[in-house]
Amino acid sequence: MHARMVGAVCAALLLALALTGCQALSGSSGGSSRAASASPSHTPSGYGAVFLAVDECSSRGRTSFTEVPCRSESAVARVVARYEGSSTDGPACPARTDFVLHISENRPATDENGDGTVSQGYACMRNLEPPHPGDPGGGGGPRTIVGDCVYAAGKGQVRETACDGSGERAPQYRVRKAVKARSGCPSATALYVSLGGPAPVGCAVKL
């Protein structure tokens, strides 16, 4: 295991807090999410052979995320999946992911494996404690899943919101089922929502 200064690595850390997904109507694959940028962190660390590998944890500062031991009081989220490359081209995060950290490619003096490179990738994160916006009905997360609620956002788009009404917008539809094609949706379906994955069509009912 190679020690490193996360301060050098975190300078390359750009995060997108995918707390509110925007999905296309009628089964199209287009979508977007709100994003925020992180400033460099200079907190030293040395945990794990790969920066933010699966089952490692991070703290959350005002402008940055730093890898820390999961037993640390400052640990707030755990990596549930880690992929190389861009999230737009790579595998989707697990269904109950709360947010995604995007890591840009960098060549710091000290890194996770000593080769002078931290490759581009993304980490799928789940909070160690509630709230869990990625849970069904939670109102956020990078994916829309069965049990989530949405409202019409205009121009053929819907946005996720909390099913309990605690979000900024009241829920209008709830995804009841995920199927391969629209023909598999029940007759009560009022809206088709793009979910991605092996069952890409979400059958939503009006609330």
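**Disulfides, rings and charges in a predicted model**

Q: Buried or exposed: which word fits cysteine 149?
A: This is a predicted model. Cysteine 149 has a relative accessible area of 1%. Buried means under 20%, so cysteine 149 is buried.

Q: Which residue does cysteine 149 bond to in a disulfide?
A: The two sulfur atoms must lie within 2.5 Å to count as a disulfide. For cysteine 149 the S to S distance is 2.0 Å. The partner is cysteine 163.

Q: How many residues apart are cysteine 149 and cysteine 163?
A: Cysteine 149 lies in strand 9, residues 149–154. Cysteine 163 lies in the loop between strand 10 and strand 11. The pair links distant parts of the chain, and the separation is 14 residues.

Q: Left-handed or right-handed: which is the link of cysteine 149 and cysteine 163?
A: Look at the torsion about the S-S bond. For this pair the value is 105°. The link is right-handed.

Q: Which residue of strand 11 is the bridge partner of cysteine 149?
A: Strand 9 and strand 11 run antiparallel and are joined by 2 bridges. Cysteine 149 belongs to strand 9. In strand 11, its bridge partner is arginine 174.

Q: Which residue in strand 10 stands opposite cysteine 149?
A: Strand 9 and strand 10 run antiparallel, with 5 bridges between them. Opposite cysteine 149 in strand 10 stands threonine 161.

Q: Which residue in the turn between strand 9 and strand 10 has a positive phi?
A: The two strands form a hairpin with 2 residues between them. One turn residue has a phi of about 55°. That residue is lysine 155.

Q: What is the handedness of the disulfide of cysteine 57 and cysteine 70?
A: The sulfur atoms of this pair are 2.0 Å apart. The torsion about the S-S bond is about 95°. The disulfide is therefore right-handed.

Q: Which residue of the cysteine 57 and cysteine 70 pair is in a strand?
A: Cysteine 70 sits in the loop between strand 5 and strand 6 and is partly exposed at 27% relative accessibility. Its partner is buried, with a relative accessible area of 0%. That partner lies in strand 4 (residues 57–60) and is cysteine 57.

Q: Left-handed or right-handed: which is the link of cysteine 185 and cysteine 203?
A: A disulfide joins the two residues, with an S to S distance of 2.0 Å. The pair links the loop between strand 11 and strand 12 to strand 13, 18 residues apart. With -80° about the S-S bond, the link is left-handed.

Q: What pattern do the disulfides of the protein follow?
A: The count comes to 4 disulfides. Bonded cysteines are counted along the chain. The pattern is 1-2, 3-4, 5-6, 7-8.

Q: What is the centre-to-centre distance of phenylalanine 65 and phenylalanine 99?
A: The rings come from strand 5 and strand 7, 34 residues apart in the chain. Both residues are buried. The pair is tilted, with 45° between the planes, and the centre-to-centre distance is 5.5 Å.

Q: Stacked, edge-to-face or tilted: which describes the rings of tyrosine 83 and tyrosine 122?
A: The ring centres lie 5.4 Å apart. Planes under 30 degrees apart count as stacked and over 60 as edge-to-face. Here the planes stand at 45°, so the pair is tilted.

Q: Over the ring of which residue does the charged end of arginine 182 sit?
A: The test needs CZ of Arg within 6 Å of the ring centre. Here the distance from the centre is 4.6 Å. The ring belongs to tyrosine 192.

Q: Which residue forms a salt bridge with arginine 96?
A: Arginine 96 is partly exposed, with a relative accessible area of 47%. The closest N and O atoms of the pair are 3.9 Å apart, and a salt bridge needs a distance within 4 Å. The partner is aspartate 135.

Q: Which four residues are linked in a network of salt bridges?
A: Arginine 126 bridges aspartate 98 at 3.9 Å. Arginine 126 also meets aspartate 135 in a salt bridge, at 3.0 Å. Aspartate 135 in turn bridges arginine 96. The network is Arg96, Asp98, Arg126 and Asp135.

Definitions and conventions:
Residues are numbered from 1 along each chain as its sequence is written. This is a predicted model: local features need pLDDT of at least 70, side-chain atom pairs count only at pLDDT 80 or more; totals for chains, interfaces and linings use all residues. Side-chain values use heavy atoms; hydrogens and water are left out. Helices (H or I, at least four residues) and strands (E, at least two) are DSSP runs, numbered from the N terminus. Buried means under 20% relative accessible area, exposed over 50%, partly exposed in between (1.4 Å probe, protein chains only). Two strands pair if DSSP finds at least two bridges between them. Rings of Phe, Tyr and Trp (its six-membered ring) pair if their centres lie within 6.5 Å; planes under 30 degrees apart count as stacked, over 60 as edge-to-face and the rest as tilted. A charge sits over a ring if NZ of Lys or CZ of Arg is within 6 Å of the ring centre and within 35 degrees of the ring normal. A salt bridge is a side-chain nitrogen of Lys or Arg within 4 Å of a carboxyl oxygen of Asp or Glu.
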